[in-house]
Amino acid sequence: MLIYNPFKKVKRNNRQAATDTPFICFRVVTRGLFPKLVADVTEKNLEICRKVGIKNFKFEIVTDHSLNIQSSNYVREVTVPRDYHTPNGTLFKARALHYCLNQKINILSPDDWIVHLDEETLLSESALHGIVNFVSVPDSNIGQGVITYASSGVENWLTTLLDGIRVAIDYGLFRLALQFFHRPVFGFKGSYIVVRMGIEEKIGFDFGPKESIAEDLRFALAAWHSGYRFDFVEGVMKERSTFSLADFVKQRKRWFMGHFHIVWGNTLPLYCKCAVMPMHISSMLLWTNVLNSVLSLWLPVPLSKWQLLIYALLTFHVFFLLAFGNFMSLCPRRYSVLLRVIIGFLSQFLMPVLGLAEAYSTIKGFRDRNKLTFDIVQKETKDHLNQKQVNGLITV
């Protein structure tokens, strides 16, 4: 955060966005369980693209179950057949992504670009300009940017504030890895991925059943091993946190299980996991830290001055990340600077809840590590559930 200014505005060039942008495919993968959400988000994202002036693009909705989305010049639905199998037996989202690379399905050329989005991911003008700037650089290969979780509305304040630390990690840890080291040293998210089509085609997503739980990290580490350059994409995209604490735990459990098979598997060289592995191990042992924090209230352990200093620095660091992440996540148009500061400060009192939830999810994930499951969390709000379809079609 000291090296790269998190408050820097994205350079905007509307003329370049309208005329000189390479073809961009916004790819959304879904099980097909939330058709109204997908239609609503796609419609909003189309409007943002029109506002910025981008013309050379298409939204590709890849689904296991047909959504009946009406095709147009800018929208295409791809339904993955039930009987489709990859050579390595890949499952879940990775299976759908690999299906898109089939020569009979793919409509993109190697120099086109793919922007991977989740079902609920909302574009912003800053993100679109950041993407345009990124894909216009000749040596760009793979990039990723910041995602916030309170800018598009709050469904659950508790889980939203807990996710504040993810925003700070995007601005700090991930940005350092991508913009300074140009490698996904500390991990990679599954959304807001900008990648050249030719690279995705060469690597693919056929990683087998176990390593397809966290296909995003597996793809990024494979690309690193293949020598591709990563970079940071300026601009912010918007998503929503899980709607309940139970879904929060379910989500973290899935991440842990996916990372477990990648970290302890033998399909990637050790250097690609040099930072992910100790981070994963510390996640596995988080429950001991939580237990120690509780027991130390009754059975305090004497610490030397240097031990206290390290403990204070680490503690301050984590609390700062939570406060800063929530400050950046809250929409400036809805909340004043003072209110954002106050909410960010108060969110630090949720640190015990975050520690307990994260520790509990890793325990559950370790217990179920050999189960091939991909838990889906609720994403449709009450507004989406109240929408009506017209003639069986979802018009975008």
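Reader: What stands opposite Val194 in S6?

Author: Gly143 does. Gly143 belongs to strand S5 (residues 142-148), which runs antiparallel to S6 and is joined to S6 by three bridges.

Reader: Before we go on, what kind of model is this?

Author: A predicted one, where local features need pLDDT of at least 70 and side-chain atom pairs count only at pLDDT 80 or more, while totals for chains, interfaces and linings use all residues. Residues are numbered from 1 along each chain as its sequence is written, and side-chain values use heavy atoms, with hydrogens and water left out.

Reader: Back to strands. What makes S5 and S6 a pair, with three bridges?

Author: Two strands pair if DSSP finds at least two bridges between them, and three bridges join S5 to S6. A strand here is a DSSP run of E with at least two residues, and a helix is a run of H or I with at least four, numbered from the N terminus. Strand S4 (residues 113-117) passes too, with four bridges to S6, again antiparallel. His116 is opposite Ile193 in S6.

Reader: Which way do the side chains of strand S6 (residues 193-196) point?

Author: Ile193 and Val195 go one way, Val194 and Arg196 the other. That fits the general rule: in a regular strand the side chains alternate between the two faces of the sheet. Those S6 residues are all buried.

Reader: How do you know that Phe205 counts as buried?

Author: Buried means under 20% relative accessible area, exposed over 50%, partly exposed in between, with a 1.4 Å probe and protein chains only. Phe205 comes in at 3%, so it counts as buried. Phe219 is also given 3%, so it gets the buried label as well.

Reader: What about the aromatic pairs: how many does the structure hold?

Author: There are 21. Rings of Phe, Tyr and Trp (its six-membered ring) pair if their centres lie within 6.5 Å; planes under 30 degrees apart are stacked, over 60 edge-to-face, and the rest tilted.

Reader: Why is the pair of Phe205 and Phe207 called edge-to-face?

Author: Their ring centres are 6.1 Å apart and the planes make 65°, so the edge-to-face label applies. Phe205 and Phe207 are both buried. By contrast, Phe205 with Phe219 gives 4.9 Å centre to centre and 15° between the planes, a stacked pair.

Reader: What does the pair of Phe205 and Phe219 tie together?

Author: Parts that are 14 residues apart in sequence, because Phe205 lies in the loop between helix H7 (197-203) and helix H8 (215-225) while Phe219 lies in H8. Ring pairs also link a cluster of Phe7, Tyr171, Phe316, Phe320, Phe324 and Phe327.

Reader: Why is H8 called largely enclosed?

Author: Ten of its eleven residues are buried, so the rest of the structure largely encloses H8. Among those buried residues are Glu215, Asp216, Arg218 and Trp224. After H8 comes Gly227, with a positive phi near 95°.

Reader: What makes Arg340 a charge over the face of Phe327?

Author: The rule wants NZ of Lys or CZ of Arg within 6 Å of the ring centre and within 35 degrees of the ring normal. Arg340 is 4.1 Å from the ring centre of Phe327. Arg254 does likewise with Phe374, at 4.6 Å.

Reader: What is notable about the phi of His182?

Author: The phi of His182 is positive, about 60°, although His182 is not a glycine. Most residues other than glycine have a negative phi. His182 is in the loop between helix H6 (164-181) and S6, and at 16% relative accessibility it counts as buried. Asn68 has a positive phi near 60° too, but at 40% it counts as partly exposed.

Reader: What lines the second largest pocket?

Author: Sixteen residues, with Asn133, Phe134, Val137, Asp231 and Phe232 nearest its centre. A pocket is an open set of points on a 1 Å grid over the protein atoms alone where a 1.4 Å probe fits, with protein on both sides within 12 Å along at least five of seven lines, and lining residues have an atom within 4 Å of a point. Its volume is about 250 Å³, counted as the space filled by probe spheres set on the points, which are joined across faces, edges and corners. Strand S7 (230-238) and helix H4 (125-135) each supply at least two lining residues, and S7 has the largest share, five.
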